[in-house]
Amino acid sequence: MRLIHLADADNRNSHVQIIGVAAPPPPRRTAQGKPVVFRRFLAAAEGGIHDALVRSLGQEYGQALIDGDPEVDVELVGTPIDRTSTVYIAGDGEVLRIAPRMIEILFGPDGAERERRDPVETAANVQTTAPVRWMKNRLKRKDAVRRFVFGRTMQLVHVDGLTYDYLHGLAKKLDDADELVALGAGASGKDPLVLQVNGVPWRGFLEGRVDGKRYQLLLRLSNLELKSTEARA
Amino acid sequence: MSFAGEESSFALEKVDRSKLYGSRRRVAIDASGTACTRAALTEDGQAVLRSGMTAQGYFDPDGRQVESGALTAVDEAGNALDLVASTLGVAQQLTGPIDPKELLDLAVTAVYRLVPENLAPGLSAEIAAGRILRAPFNYRPDYRSELAYILQNDAGCFAVIGALASPTWLEPDAPPPADDTESDDGDLDFEMF
């Protein structure tokens with residue numbers, strides 16, 4: 001069960017459950033009335049990929065493929081592939097037996113490389129001793145949707161009667177005001193929200209809806225503003 | 001787009017996060033300082049799958065591959081679905097204004113900046129007033145029709161594309177809803193890998 005440590009505008013804090021609001025599932029694919037499955041499979045053995053064919057047949061190997069299908073290994077091609085593990089191939093073409101050094105490359109909006117550095121690990125920060133706090137920034141719903149793209153939504157779920165009262169009250173306060181409130185994490189209460197280690201840093205906004213005793217308290221997450229790249233340039 | 005009996009047309013320009021803010025990528029380096037390439041080791045350890053060695057496709061219950069042109073689709077109840085044509089280049093009826101809550105519930109799949117080629121006065125006034133309109137949208141033919149929400153702000157006109165999701169109404173004594181997304185890695189920052 002995933003939890004968030006939340007504090008409201010009055011610094012009343014609680015640990016409550018968060019669940020994802022899933023996008024509608026895509027239609028199920030069929031063929032001639034029968035279900036089909038999407039599967040990855042082996043399309044070429046090691047000797048059948050471009051580099052190996054160049055080594056064995058030279059650069060102009062097209063006619064050789066037509067004449068003799070040397071790239072097709074009938075024993076292997078078509079084999080379904082299920083689970084795999086990531087491995088790294090060194091510059092000399094050999095599989096690395098030890099963990100490689102990792103570097104992080106930063107690119108600017110123009111795509112040009114700006115910096116190389118040792119990787120910076122990002123810790124999750126929504127379930128720590130410092131609660132995720134309400135910030136002063138509030139936005140009307142009509143303004144929020146014209147300013148941010150909300151790429152992910154989590155729903156806050158009560159875990160007992162007390163947290164039901166707490167979350168229902170927050171949802172009602174926001175619904176009545178027709179507002180979203182910005183949330184901040186970390187000791188400063190202003191950091192973006194990171195839901196898991198090395199997760200996406202999100203700007204979080206809380207939205208509430210109430211229908212009698214029923215409620216929805218929704219954490220709207222955004223990492224994209226509605227801006228044009230021209231304005232940025 | 002058609003609104004109040006007038007047609008407008010726009011060019012689409014995808015809003016790309018990396019073009020707004022930049023991006024970061026993690027790269028593995030070998031002992032000589034050369035960037036490594038990624039490959040996949042099969043579960044039995046017998047094969048290293050390098051780039052170009054795998055493909056993917058649909059297979060029927062007998063294990064035969066199905067060509068993409070022979071694929072159909074059904075809804076959750078098993079009813080056959082019709083293929084929905086692409087909406088590009090075909091005037092779509094705009095409806096609304098919509099409640100902003102509807103756009104908040106959109107599971108977003110793409111965002112486009114709309115560059116007006118011919119913006120009718122009626123539509124121009126409607127979105128300039130902060131109202132949001134909705135139209136069917138399919139970039140390419142598909143068995144699911146998406147929605148486009150057309151809006152305007154200080155940076156221009158935008159279309160936010162997606163399908164509507166439905167958060168659960170929570171009640172005091174009802175069991176909590178299942179978290180179908182708990183095991184997914186949709187929140188992992190893939191720029192990190």
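**A tour of chains A and B**

Start in the loop of chain A between β13 (193–194) and β14 (201–211): Asn198(A) sits there. This is a predicted model. Display the backbone of Asn198(A) and read its phi. The angle is positive, about 60 degrees, although the residue is not a glycine. Most residues other than glycine have a negative phi, and most peptide bonds are trans.

The second half of that rule has its own stop. Select Gly96(B) and Pro97(B). The peptide bond from Gly96(B) to Pro97(B) is cis, with omega near 10 degrees. To place Pro97(B), look in the loop of chain B that runs between β9 (72–74) and α2 (100–104).

**Domains of chain A**

Colour chain A by domain. Domain 1 takes residues 3–23 + 122–225, and domain 2 takes 43–73. Put a marker at the C-alpha centre of each domain of chain A: the two centres are 55 Å apart.

**The whole interface**

Now show both chains. How many residues does each chain bring to the contact? Chain A brings 101 residues and chain B brings 94. The size of an interface is often given as the accessible area lost when the parts come together. Here chains A and B bury about 9,000 Å² between them. Of that area, 58% is on carbon and sulfur atoms.

Switch to polar atoms. Between chain B and chain A, 36 residue pairs are in polar contact, counting pairs with both residues at pLDDT 80 or more. On the side of chain B that touches chain A, β4(B) gives the most, with 7 residues. Go there next.

**First shared sheet**

Select β9(A), β8(A) and β4(B). These 3 strands form an open sheet in that order, with antiparallel pairing. Both chains supply an edge strand: β9 (113–117) of chain A and β4 (23–29) of chain B each pair on one side only. On average, neighbouring strands of this sheet are turned by 25 degrees against each other, direction ignored.

Zoom in on the seam between the chains. Strand β8 (residues 101–107) of chain A pairs with β4(B) over 7 bridges, in the antiparallel sense. One position to label is Leu106(A), which stands opposite Arg24(B) in β4(B).

Add side chains for Arg26(B) and Glu104(A). They meet in a salt bridge, at 3.1 Å from N to O. The interface of chain B and chain A holds 7 salt bridges by the rule used.

**Second shared sheet**

Clear the selection and pick β7(A), β5(B) and β6(B). Again 3 strands form an open sheet, in the order β7(A)-β5(B)-β6(B), and the pairing is antiparallel. Which strands stand at the edges? They are β7 (84–89) of chain A and β6 (48–49) of chain B. Each has a single partner strand, so one side of each is left without a neighbour in the sheet.

The cross-chain pairing is between β7(A) and β5 (residues 37–42) of chain B, joined by 6 bridges. Label Thr84(A) and Thr42(B): they are bridge partners, with Thr42(B) in β5(B).

**Last stop: a loop-to-loop pair**

Over all chains, the structure holds 28 salt bridges. For one of them, select Glu46(A) and Arg50(B). Their closest N and O atoms are 2.9 Å apart. Where does each partner sit? Glu46(A) lies in the loop between β5 (37–42) and α1 (50–57) of chain A. Arg50(B) lies in the loop between β6 and β7 (54–59) of chain B, so the pair joins two chains.

Definitions and conventions. Residues are numbered from 1 along each chain as its sequence is written. Chains are lettered from A and ligands numbered from 1 in the order in which they are written. This is a predicted model: local features need pLDDT of at least 70, side-chain atom pairs count only at pLDDT 80 or more; totals for chains, interfaces and linings use all residues. Side-chain values use heavy atoms; hydrogens and water are left out. Two strands pair if DSSP finds at least two bridges between them. Helices (H or I, at least four residues) and strands (E, at least two) are DSSP runs, numbered from the N terminus. Axes are lines fitted to C-alpha atoms, for helices over the stretch in contact, and angles run from 0 to 180 degrees between N-to-C directions. Domain bounds come from an automatic or database domain assignment. Contact means heavy atoms within 4.5 Å. Buried area is the accessible area (1.4 Å probe) that two parts lose on being put together, summed over both. A salt bridge is a side-chain nitrogen of Lys or Arg within 4 Å of a carboxyl oxygen of Asp or Glu. A polar contact is a pair of N or O atoms within 3.5 Å; within protein, one must be able to donate a hydrogen and the other to accept it, and residues adjacent in sequence count only if both atoms are side-chain atoms.
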